[in-house]
Amino acid sequence: MLRSPAAAAMEEPLRQQLLVLVNASSRPFPSIWPSNASSPAGSAWDPAPATAAAGGGGGQAAGGGAVSPWDIALCATGTAMACENALVLAVLFYTPSLRAPMFLLIGSLALADLLAGLGLIVNFTVQYLLQPPNAAVALSAAGLLLTAFSASVCSLLAITIDRYLSLYNALTYHTERALPFTCALLLLMWLLCLGVGLLPLLGWNCLRDQATCSVLRPVTKDNAAVLAVTFLLLFALMLQLYLQICKIAFRHAQQIAVQHQFIATAQATSTRKGLSTLSFILGTFALCWIPFAIYALVADSSYPAVYTYSLALPATCNSLINPVIYAFRNPDIQKSLWLACCGCIPSTFSSRPRTSSDV
């Protein structure tokens, strides 16, 4: 069947667009995330190997190229995170007495940090070991990291709220209604974080326009700015709640001291211990996350990759510190660990119940 020149001219643009789509779907992975000097591929969640940004086509480890030491450090950190938080989850799961709302929140934090560690391992595997590379798998790895770290920060906020309510409503908070409320809160929180993690897979990414990429590729600059601002607001809320916790704990400690006729030095020591614990919790969280959040707010993919790595690594290390702060310091979890590892409890172990001065 003969076609007129005008019809052929109209069909040519459609044929060219079809060829572009077919080629894009069949390209190898580094072609989807181009690596060049002006747009380094070295962010912690960047699906392209960082070494490609430094030296052209030799960035694929599976093809004989070098592996970025930053990615090795992130993978090792992820492995340690997964092992440490898996231990916390195992203790909580196999100890029937650890079913209070506080332990559910600690378990949520451990699960989030465990998934974050696994996400770092999967991200390393996608970058260097997966052959042939696959864009959908890389987006899924980025979504897993977004979900896990979002759930980790939200779990920290939930623990802060739990501590505040347990002091503010000390007589009525620990009731049977607290457990269903905590479960519903955690379910809602995880659904929200899962929605955040699905955004890259649903098209909220910078694959089609590399100029819109943030330091957290494939997250766009606008989305990264929203995440950073949201994090800073959550930190401000946590800071305000901990200040209120400190005031309530100080007031309770004074009342207990008067009722039991404690000497002033003992009451002052307890208060100082609570303040030091509070400072350690907030200081660790702020030092790990705030520099990275501010950097993600102001930077883009044109910034050197080493800046992203040097700020992302401390942020991920916060998930290594969380079990020490929130799980291993708890006397009930310590007791379960001693029983699981040694079959006994040391004579020096203190089973003193926690008071409001312990913050």
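Reader: Taking a disulfide to be a pair of cysteine sulfur atoms within 2.5 Å, how many turn up in a search of the whole structure?
Author: The search of the whole structure finds one disulfide, and it joins C206 to C213, with an S to S distance of 2.0 Å. Please keep in mind that this is a predicted model, in which local features need pLDDT of at least 70, side-chain atom pairs count only at pLDDT 80 or more, and totals for chains, interfaces and linings use all residues. Residues are numbered from 1 along each chain as its sequence is written, and side-chain values use heavy atoms, with hydrogens and water left out.

Reader: Which handedness does the link of C206 and C213 have?
Author: The link is right-handed, with 90° about the S-S bond.

Reader: And is C206 buried or exposed?
Author: C206 is buried (under 20% relative accessible area with a 1.4 Å probe and protein chains only; exposed is over 50%, partly exposed in between), because its relative accessible area is 0%. C213 is likewise buried at 0%, whereas C83 counts as exposed because its relative accessibility is 53%.

Reader: Why is C288 not bonded to C317?
Author: The closest cysteine sulfur to that of C288 is in C317, but it lies 7.0 Å away, so the two are too far apart for a bond. C288 is buried too, with a relative accessible area of 10%.

Reader: Switching topic, how many residues of helix 5 are buried?
Author: Helix 5, a DSSP run (H or I, at least four residues, numbered from the N terminus), has 20 of its 28 residues buried, so it is mostly covered.

Reader: What span should helix 5 have?
Author: Its 28 residues (101–128) should span 40 Å, and the end C-alpha atoms are 41 Å apart, which agrees; the expected span is 1.5 Å times one less than the number of residues.

Technical notes. Helices (H or I, at least four residues) and strands (E, at least two) are DSSP runs, numbered from the N terminus. A disulfide is a pair of cysteine sulfur atoms within 2.5 Å.
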